[in-house]
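User: I would like a close look at one part of this model. Please take one residue as the way in, then work outward through its surroundings.

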Amino acid sequence: MKNRPFWAAFLTVCLLVAIGAGALCEAAAPVELQGTVTAIGADGSAIVDITMQALTEAGYELGDVLSVIAGGTVCNLPLVESFADVNLGSMYACDSGNGLQLAVHSDSFTSITGCAIGDSVSIWMFEKAGYLSDYLARKMVYSMMRAPDYTDPDCWAYLGEGEDKAVDVFLVCPTVDMGDDGGTNLSLDDTALLERFLGALNMERGIYEESCRLYAPYYRQMSMNVYLSGYTQQSECFVRAYGDVSDAFDYYLANYNDGRPIVLAGFSQGAEMVLRLMKDYFGQEELNEQLVATYAIGWRVTAADLEESPHMVMAQSAEDTGVIISFNTETPWASRSLIVPEGTSTLGINPLSWSTDSLPASRELNLGACFTDYSGAIVKEIPQMTGAYLDPVRGTLKVTDVDESEYAPGFLVNSEGSYHIYDYQFFYRNLQENVNLRVQRYLQAQALENAA
């Protein structure tokens, strides 16, 4: 069997959930329960208006490990009969008689987590274990979900790199947190994940850095298990992630932008985030005039999105500005993916021909597929790797010349035939050239306007 190149293995780990992990998620899909802190106990425990009956009906039982978000903290804690079932200092959940009690054996849960009366609480299944005696010997761990402080340069992966450039790119990282700890958002204290975070950004930066000054915040992104389990943009996990991104963008605008042209860019979850930024911020005429383009690769854009936000406009050519550039790569036979579900139609543009029709673009138009490592160095480049066309129904980008035995599609659950992990890599040089071209056209138009 042919060995998979290391960059493919890396992408599979960093941007997607492994097939085995996906199978586990299917076997024990978490059931989310929502509640509110209604009281604080004298011992610092939190009482939540979720009853044991509701937990039982949802499929939970004593001994199961719950993943709980309370007061900005993600905790993994067992559902037990009493504090005697866990070690001193261990977290636990049990029935208080007035709702679910979240507590720590001989310590204050609310002091540790910062939760207070009125705070919302989300509960997921972390481990379907059943009642096990070894909870007596387990110390359940938790990770503080501290919010980033964007006045601190350490909360930025890139902070103004490339000072000689006339245009800024605000770049948002794709998913690197697989949710292995049962949490729903990345912890900014997890140094290993932050290394992945920076590595994933480095893999994209070469597309933008020739013409743009780089800004990229660390943020408490949603973990992959959230995408596999389902969420809405009203879910607490999304609100937390997007709240960080918008806070960073606010700080960038107030302290660094100074009226400079802006490129918004993101892949996968990063693309979802920059589309939301575009929706929330760029309806303001003055800011919209600063927008060179939004590169939202690997996320869907629907007609309903554009109808809801008329200032959001899809690219129609290689040179228009103030527009959205988006596509989702698939095999010709794919009919669904996690990003573009079956029956959904997304809007996009062909990065080879820069047209929005369904005419095939030949592989000769492909300037080069590039595969990069954590540092951003190109370790493999394949000119004219594949042609592509836009599916007239799904709106997705179908590749015509990719060897599926070498580049296996469909790593994500419900994503048979998806080449999501290769979205920008298959078309790296075309994207790089196009960013430079749109920047040039924007600056040329700006110069003419200033001269008039």
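Analyst: Start with Ser-246, which is found in helix 7. Keep in mind that this is a predicted model. Is Ser-246 buried or exposed? Ser-246 counts as buried, because its relative accessibility is 10% and the cut-off for buried is under 20%. Leaving aside residues up to four places away in sequence, Ser-246 touches Leu-277 and Tyr-281.

Those two partners lead to the next helix. Leu-277 and Tyr-281 are among the residues that helix 8 brings to its contact with helix 7. Helix 8 covers residues 269-281. The axes of helix 7 and helix 8 come within 10 Å of each other. They cross at roughly 60°. Helix 7 is therefore oblique to helix 8. The crossing is right-handed.

Now the residues of that contact. From helix 7 come Phe-238, Ala-241, Tyr-242, Val-245, Ser-246, Phe-249, Asp-250 and Leu-253. From helix 8 come Gln-269, Glu-272, Met-273, Arg-276, Leu-277, Asp-280 and Tyr-281. By class, the contact holds 9 nonpolar, 2 polar and 4 charged residues. Ser counts among the polar ones, because it is in neither the nonpolar nor the charged group.

Some of these residues meet a further neighbour, Leu-287. Leu-287 lies in helix 9, residues 285-288. What does Leu-287 touch, not counting residues up to four places away in sequence? Its partners are Phe-249, Leu-253, Ile-262, Tyr-281 and Phe-282. Of these, Phe-249 and Leu-253 belong to the helix 7 side of the contact with helix 8, and Tyr-281 to the helix 8 side. Leu-287 counts as buried because its relative accessibility is 8%. Leu-287 and Ile-262 are 25 residues apart in sequence. Their C-alpha atoms are 9.0 Å apart in space.

Ile-262 takes us to the sheet, since strand 12 spans 262-267. This is an open sheet of 6 strands with mixed pairing. Its strand order is 9-11-10-12-13-14. Strand 9 (156-161) and strand 14 (323-325) are the edge strands, and each pairs on one side only. From one strand to the next, the twist averages 20°.

Which strands does helix 7 touch? Helix 7, residues 236-257, packs on the sheet against strand 9, strand 10, strand 11 and strand 12. Its direction makes about 165° with that of strand 10. Helix 5, residues 191-208, also lies across this sheet. It crosses strand 9, strand 10, strand 11, strand 12 and strand 13 (291-297). Helix 5 runs at about 30° to strand 9.

Strand 10 deserves a closer look. It covers residues 167-172. In strand 10, 6 of its 6 residues are buried. Val-167, Val-169 and Leu-171 point one way. Asp-168, Phe-170 and Val-172 point the other way. Strand 10 is joined to strand 11 (residues 212-217) by 4 bridges, and the two run parallel. Within strand 11, Cys-212 is the bridge partner of Val-167. Tyr-215 of strand 11 is the bridge partner of Phe-170. Strand 10 also runs parallel to strand 12, with 5 bridges between them. Here Leu-171 stands opposite Ala-265 of strand 12.

Back to helix 7, and the way out of it. Asp-258 lies in the loop between helix 7 and strand 12. Its phi is near 55°, a positive value in a residue other than glycine. Is Asp-258 buried or exposed? Asp-258 is exposed, because its relative accessible area is 73% and the cut-off for exposed is over 50%.

A second residue with positive phi sits elsewhere in the chain. Trp-354 has a phi of about 55° although it is not a glycine. Its place is in the loop between strand 15 (329-330) and strand 16 (369-372). Trp-354 is buried, with a relative accessible area of 10%.

Last, the setting. The chain has 452 residues, and 56% of them count as buried. Its secondary structure comes to 11 helices and 19 strands. Among contacts with a separation of 6 or more, 74% join residues 24 or more positions apart. The pair Leu-287 and Ile-262, 25 residues apart in sequence, touch one another.

Conventions: Residues are numbered from 1 along each chain as its sequence is written. This is a predicted model: local features need pLDDT of at least 70, side-chain atom pairs count only at pLDDT 80 or more; totals for chains, interfaces and linings use all residues. Side-chain values use heavy atoms; hydrogens and water are left out. Two strands pair if DSSP finds at least two bridges between them. Axes are lines fitted to C-alpha atoms, for helices over the stretch in contact, and angles run from 0 to 180 degrees between N-to-C directions. Contact means heavy atoms within 4.5 Å. Angles under 35 degrees count as roughly parallel, over 145 as roughly antiparallel, 65 to 115 as roughly perpendicular and the rest as oblique. A crossing is left-handed if the near helix is turned anticlockwise from the far one by less than a right angle, and right-handed if clockwise. Buried means under 20% relative accessible area, exposed over 50%, partly exposed in between (1.4 Å probe, protein chains only).
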